[in-house]
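Biologist: I should like to learn how to read the contacts and the empty spaces of a multi-chain model. May we take the features in turn?

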Amino acid sequence: MIVAERKPIEKILEMVAPYKKILVAGCYGCVTVCLAGGEKEVGILASQIRMARSKEDNPIEVLEQTVERQCDAEYLEKFRDNIAQVEAVVSLACGIGIQYLAEKYPKTPVFPGVNTLFLGANIDVGKWEERCMACGDCVLDKTGGICPIARCSKHLLNGPCGGSQYGKCEVSKDVPCGWQLIYDRLKELGQLDKLKEIIPPKNWLRAKGPRTLVREDLTLER
Amino acid sequence: MGENGKRNTRVGIYLCDCDGKLSKKIDFSKVKTVIQSKADFEYIRVAKRLCGPSELQELSEEIDKYSLNRLLIAGCSDPMINRRIVEVAENKGIVRYFVDFVDLFALSEGKKDATEDAIASVNETLDLIGMKADVKIEELDVVPDVLVIGCGIEGGVAARAISKKQPVVLIDGGLEVTDGLDLVKGAKNLTVKTNAKVLRVSGFPGEFLVRISENGKVIDQKFGAIVIALGAQPVYDKSKYGGVELGGPVLSLSQFVKSRPECAGKRFTFVLDKADQDSLISHATVLREAVALKEQGAADVNVFYIDMKVTADHLEQMYEKARSVGINFLKYVDDLEIRTTSTSATVRYREPFLPDVGIVEVTSDYLVLAEDFVPFSVTQELAEIMELRLGPGGFFQEDNVHFLPIKSNREGIFFVGSCHGPIHGTELTREVEAVAAEVGRFASGKVRVPALQPRVEAEKCAVCLTCYRSCPHKAIEIVHDESLNNMYHSAARMHPLACRRCGTCAAECPGKAIQLPLYTDQEILTKTKKPPTLVAFACENSGALAAELAQKLDSQFQEKFKLQVVRVPCAGKVDVIYLLKALERGAEGVLVFGCHQENCKYIWGNKRAIKRKEQVRKLLEDIGIERDRLEFVHIAANQGNQFYDAVKAMAEKVRQFGTNPGKVVR
Amino acid sequence: MNRKKVLVIGGGTAGMTCALDLAERGVEVVLVEREKEIGGRAADYCCKATDECNRCAACLVLQQRDKVLQEPLIRVLTSAEVKNVARNGKGYKVSVAQGEDKSEYDVQAIVVATGFDPYDLGKRSEFSYGVEKNVISGLELERAIKEKGSLTAAFGSGIQKIGFIQCVGSRDLSIGNGYCSRVCCMYAAKLAKIIRSELPDADICIFYMDFQSFGKGFSTFKKELGELDKIRFIRGIPSKIYGFPYDRLTVRYTDSLEGRQKEEKFDLIVLSLAITPSRGSRELAAQLGLQLDDYGFFAPRSDEETVVTNQPGVFLAGVCEGPKDIPQTIGHARAAAGEVFNYISG
């Protein structure tokens, strides 16, 4: 899941400062699950903006709407009536949703209401942890199911840096050393020999620009 | 939800003049005309005195005649009278939640003409009636069988009592304690499984699916309810007796009870109050055993004690008897010193009552030392499997008065006996009676409950598990059904028998997909549409009742402080949005009244409310509004003064702050 | 709808719990209360929470009263008394008087939930109860704190030395009360604790025989009371209290641990009066054909079935069967409701 958190209110107020009527757009997808941009957060932000502007003697009208996902055009269509009425939109979707919404409504300024943080797991209510950095070339088969890119602070592919102590990363004693975790897991699986295999460097070069995924076997010919 | 409810709603409006008392201030014909001109309802009339027998009869007939399924009664607010009206309605199949009252006396107080207020209030109540979720009385099938865990005396007593009314499976829970099995010999309706452990419990009250391993064989069986009666384990702790080891003349109390030595002519000494300080078990046992020894010809019986505990049936009499048969009760204050030889033991102590005598030695052939009672080691594991909460000392049960004596954090799962804290036999009897009464609800295989558990709007449910994880009662499941209208075809569902209706889940839901009937967001936000100076969200277990007491102290106090009290089932139901909206709509200050720490009926509703208060305070602070315009107050139902004082303090505070700058003028 | 009907005598903790439980099971209840309002004695108790709940359970009683008043299946009759009871098949025909009004009910079962009365000191003058205004009972202290909000609000700021005297009328063979009232040690301790949190410098003593702490963690509670809250525990029940000097009280007692007679001055004395059978128990027992135990509490049929009596269709709930604290009373009343339900549906 994509994990995001609400932007500080002063940043958002700055973005909407010139406007008198805006829409706060929520998403029932990942940002609802990570408690950053669902219907409730939309209500909270809208309320906060109205109060802040009222305090400045500069009232603003704030509409509220939440759709299933802001990363699908069909759902974005539901915003059309509301967007027609407003001068700007604050989207509480992840970075993807915000951009896609902006793309679909090119005449209306769209602002981010959240900071998109990482791809993570929901450990418990109010706790999330990063697990994947979407490198596009998964090596989990070689590392006992623990990602060295996401879990090692230095993204090292072939063993620890040497700075870990008592299983904790030298970056912070609250962070477990990713490579310690990999070692422990491989040992438990009886696959320590996998450590001997050298993982070649990843090609981070984005010669082709942003990544896309097209599955010819699935695409729909209209 | 509103859509459906509205179409089938047939409201009857009764404007009661209360024997002419109200028409002095209210023009009833005008109220009737105005309401008739715009509102959506089925029938309206002005009653002379609705609570009189003939008018009640008439009301009853009109419910049939106009097929009414909702009632709005505007008149007095006497609970005794309203109850009679509800009784009539319920007899006609209108459940109590659909009879609403408008207190015309209250709204006309201090006014010359309250006609307009009456119209406004009736209209507002009509709106609220339109928002109510339909609540049906549901008849649910339940499994009458009860699983009793624990084959000790306590489990045996419980299983025997329950099996008189419904089938029981009694298992030992993997413990080797089986001394209760004698008690259930020949009991009908009762199956015993030994060397049997619970591996998994899924499902809900009325139909728990329990996986049991019996002698290594795994079986699944359905039970309506589960009773844990594991007992507690006596453990001798030598550190409490200056390191004295058991053996030779030194016995632990349980060793002594199990194999009482030949007593004629022998000297015995018991030591109490070094161990087992939180129960009466050792005291009761020692009194019983001491008297028996004396009667069987023991030469000398001494009992060392600090406080003789007699708070159970017959114990004071037993203590009297023990003294009358010549048992020596020796109170000690300072530490005891114990010395042993292979054939005798000596206790040295300072005699507190005879300061001149000083140190005294008591030598006997047997020294019997009380033990502590601790939970069996399987407690932790069972608690994890069954998602039950533990309390002090690692015993079962939340340390919270709402759970006493036998409740767990889950409906349908109960505790009996020492597994939730060591208890004495006579208390056990009463606990067993209570637990038999509770599980007896399922004995007929059917139960009727009003469907008051929260409803989930699948379209908004992101299946994020927030509700599932924040439910203190484990009353929520995620169901998958193709008819559920969201991308997962899944949604959370609250079980009607497992849910205790605190509304915490509804307040936590990030998608606003969960609504608690009678306390939906729409209803609460409508009630607080035009907040006065102060708004208090008050838990109905504490704050709302304390508010009533405060009202008794000063009948004008709500008017004086311009306070609106909004009743909620638990502080945990108070949503961040309610707090923000109240301030946005112009309240100068907002209070949340919840129960004292460790006293929330729903375990952590008050804690959640405090977290939300902090969250909203931060949100306010960030936009330059005084954070102290919002306050959480711990209170109890009997603290009217404290409620009054908290409101007064907030009134004073907001007076100093001046007008709420965040108020949004429309 | 033809509902079963049950008479519950007594609108206190036990009666209300039992009535609510029966109503929840679809049974109609006639709840008869002698006083002007339902709630019983515990409705007057104060909250004993300090920075957290101290588990006195008094709040539960008001929660129940609120529910009873909203419950249409419970007909509450206050200032009412049961006049006549006659057997009628498996059930009873009863008449209830409310002042001049009399009403008759056919009920399938009767629950006795008449609670208790505090020990009546009557002519015993050694504690100056009823003579000196600052010698009060524990119940009076509870009510005063509940109504006024604090000890100081109730008794003025001059109260700096407070004594609790335990076992007044309990464990006292000279008056035939050979039983412990069970609840007094814990409530005195909890009252002492809230007074300590209000008055950090006051001198607070508890005079006792054997301190009856039981329940999870209560021995720690007592220990903390002594060590952290500096409550003095004095083993010995005073023999005499008299007003001296001026508006203070002199307490004469023998500290059994020191073996000496002493006198100390106090501002407020709180007597833990025993729980005794409520007045009228004897008459009610005669009316219903029930047995009383040695101390005048209603006797159950056996030690194993404490809610069932020797009369079919008549059940016991709560303290009328013997001293209990609030949670025990609630448990007992629920058990009674279960038995009643079985009886009337069988």
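Modeller: Let us start with the pairs of chains. In this predicted model, 2 pairs of chains are in contact, and chains B and C share the most contacts.

Biologist: How far apart are the nearest C-alpha atoms of chain A and chain C?

Modeller: Those atoms are 25 Å apart, and the two chains do not touch.

Biologist: How should I read the extent of the interface between chain B and chain C?

Modeller: One begins with the residues in contact and then turns to the area. Here chain B contributes 66 residues and chain C contributes 74 residues to the contact. The buried area is about 6,000 Å², and carbon and sulfur atoms give 48% of that area.

Biologist: How many salt bridges are there between chain B and chain C?

Modeller: The count is 13 salt bridges. One of the pairs to inspect is Arg334(C) with Glu438(B), whose side chains form a salt bridge with an N to O distance of 3.9 Å. That distance can be judged against the cut-off, which is 4 Å from a side-chain nitrogen of Lys or Arg to a carboxyl oxygen of Asp or Glu. In addition, 30 residue pairs are in polar contact across this interface, with both residues at pLDDT 80 or more.

Biologist: Which helix gives the most residues to the side of chain B that touches chain C?

Modeller: H12(B) does, with 7 residues. Several helices of chain B each supply at least two residues to that side, including helix H4 (79–91), helix H10 (315–324), helix H12 (425–439), helix H16 (543–553) and helix H20 (640–657). By class, this side of chain B has 26 nonpolar, 17 polar and 23 charged residues.

Biologist: And how does one read the interface between chain A and chain B?

Modeller: The same steps apply. Chain A brings 26 residues to the contact and chain B brings 33 residues. Between them about 2,500 Å² is buried, with 63% of that area from carbon and sulfur atoms. Within chain A, the residues that lose the most area to chain B are Lys40(A), Met51(A) and Lys55(A), and together they account for 27% of what that side buries.

Biologist: Which polar interactions should I look for there?

Modeller: Chain A and chain B have 2 salt bridges between them. Glu584(B) and Arg50(A) form a salt bridge in which the closest N and O atoms are 2.8 Å apart. The polar contacts across this interface number 9 residue pairs, both residues being at pLDDT 80 or more.

Biologist: Which elements of chain A supply at least two residues each to the side that touches chain B?

Modeller: They are helix H1 (9–16), helix H2 (30–33), helix H3 (39–55) and strand E6 (114–124). The largest share, 11 residues, comes from H3(A). The side of chain A that touches chain B is made up of 9 nonpolar, 8 polar and 9 charged residues.

Biologist: How is empty space inside a model found?

Modeller: Rolling a probe the size of a water molecule over the atoms shows where empty space is left. This structure holds 10 cavities of 30 Å³ or more. The largest cavity has a volume of about 120 Å³. Its lining comprises 16 residues, and the closest to its centre are Cys152(A), Ser153(A), Cys161(A), Cys169(A) and Cys177(A). By class, the lining of the largest cavity has 8 nonpolar, 5 polar and 3 charged residues.

Biologist: Which backbone features merit inspection?

Modeller: One may examine omega for the peptide bonds and phi for the residues. A cis peptide bond joins Leu404(B) to Pro405(B), with omega about -10 degrees. Pro405(B) lies in the loop between helix H11 (378–386) and strand E23 (413–415) of chain B. In chain C, the peptide bond from Phe244(C) to Pro245(C) is cis, with omega near -15 degrees. Pro245(C) is placed in the loop between strand E13 (240–243) and strand E14 (249–255) of chain C.

Biologist: Which phi value should I note for Asn189(B)?

Modeller: Asn189(B) has a positive phi of about 65 degrees, although it is not a glycine. Asn189(B) is found in the loop between strand E7 (168–171) and strand E8 (190–193) of chain B.

Technical notes: Residues numbered from 1 in each chain as written. Chains lettered and ligands numbered in written order. Predicted model: local features only at pLDDT ≥ 70, side-chain atom pairs only at ≥ 80, totals over all residues. Heavy atoms only, no water. 1 Å grid on protein atoms, 1.4 Å probe; cavity = no way out; pocket = protein on both sides within 12 Å on 5 of 7 lines; lining within 4 Å. Points joined across faces, edges and corners; volume = space filled by probe spheres on them. Nonpolar A, V, L, I, M, F, W, Y, C, P; charged D, E, K, R; others polar. Contact = heavy atoms within 4.5 Å. Buried area = accessible area lost by both parts, 1.4 Å probe. Polar contact = N/O pair within 3.5 Å; in protein donor to acceptor, adjacent residues only side chain to side chain. Helix = DSSP H or I, 4+ residues; strand = E, 2+ residues; numbered from the N terminus.
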